Amino acid sequence: MGWAQLLADGESVARYWSHVLRRGPDQCWWWTGGLTDTAHGTFRAGSHTTGTSRVVPAHLFGFRLAHGPDSIPAGHVVRHTCDEPPCQQPRHWLLGTRGDNNRDAAARRRLAGHALADVRGAVGRARAVQAAIAAAAGPEEIEAAIAAALDAGNPSGALQNPLF
């Protein structure tokens with residue numbers, strides 16, 4: 001099943017959005033579903049009953065949902081300007097090459113307090129945020145829970161702004 005068919009499947013689109021915690025227009029939209037070992041979201045699109053089921057990276061599904069099924073040219077990847085692999089915020093996505101993505105990471109991985117410098121690694125950070133979201137007693141507690149989960153990966157408390 002191609003991307004156009006997956007994106008046209010209303011159940012898949014609804015399932016995708018059911019795993020996205022949408023927040024403010026400039027904040028990360030956290031993926032609350034399954035994660036890969038690189039902390040990218042993953043989910044099943046399509047249907048088991050029709051034989052069209054396929055496990056896909058959530059950010060690729062989301063990018064194509066926002067920009068069209070053929071919006072990722074061959075040789076390109078979807079980069080996260082926030083450096084949060086589970087982020088589903090369309091404003092945080094940027095197309096580029098794998099080399100662009102590697103250069104981004106190299107430039108920012110040593111910035112104090114930055115996502116790439118988290119002592120738990122990307123997947124540990126993502127799981128901590130997911131656990132914090134799940135444990136929050138209500139919507140009014142979610143922002144504080146996310147902030148605490150993010151801060152826990154930066155024991156020094158030092159902070160340096162990202163490059164862009």
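Two strands count as paired if DSSP finds at least two bridges between them; strands (E, at least two residues) and helices (H or I, at least four) are DSSP runs, numbered from the N terminus. This is a predicted model, in which local features need pLDDT of at least 70, side-chain atom pairs count only at pLDDT 80 or more, and totals for chains, interfaces and linings use all residues. Residues are numbered from 1 along each chain as its sequence is written, and side-chain values use heavy atoms, with hydrogens and water left out.

**View A. An open sheet of 3 strands runs in the order β3-β4-β5 with antiparallel pairing.** The edge strands, β3 (34-35) and β5 (54-57), each pair on one side only. Between β4 and β5 there are 4 bridges in the antiparallel sense. Phe43 has Val56 of β5 as its bridge partner.

**View B. Helix α2 (residues 10-18) has Ser12, Val13 and Tyr16 buried (under 20% relative accessible area, 1.4 Å probe, protein chains only).** Seen down the helix axis, the buried residues of α2 fall within an arc of 100° (taken from the directions from the axis to the C-beta atoms), so they line one face of the helix. Glu11 and Ser18, exposed (over 50%), sit on the face of α2 turned away from its buried side. The cover over the buried residues of α2 (contact: heavy atoms within 4.5 Å) includes α1 (3-8), β4 (41-45) and β7 (93-96).
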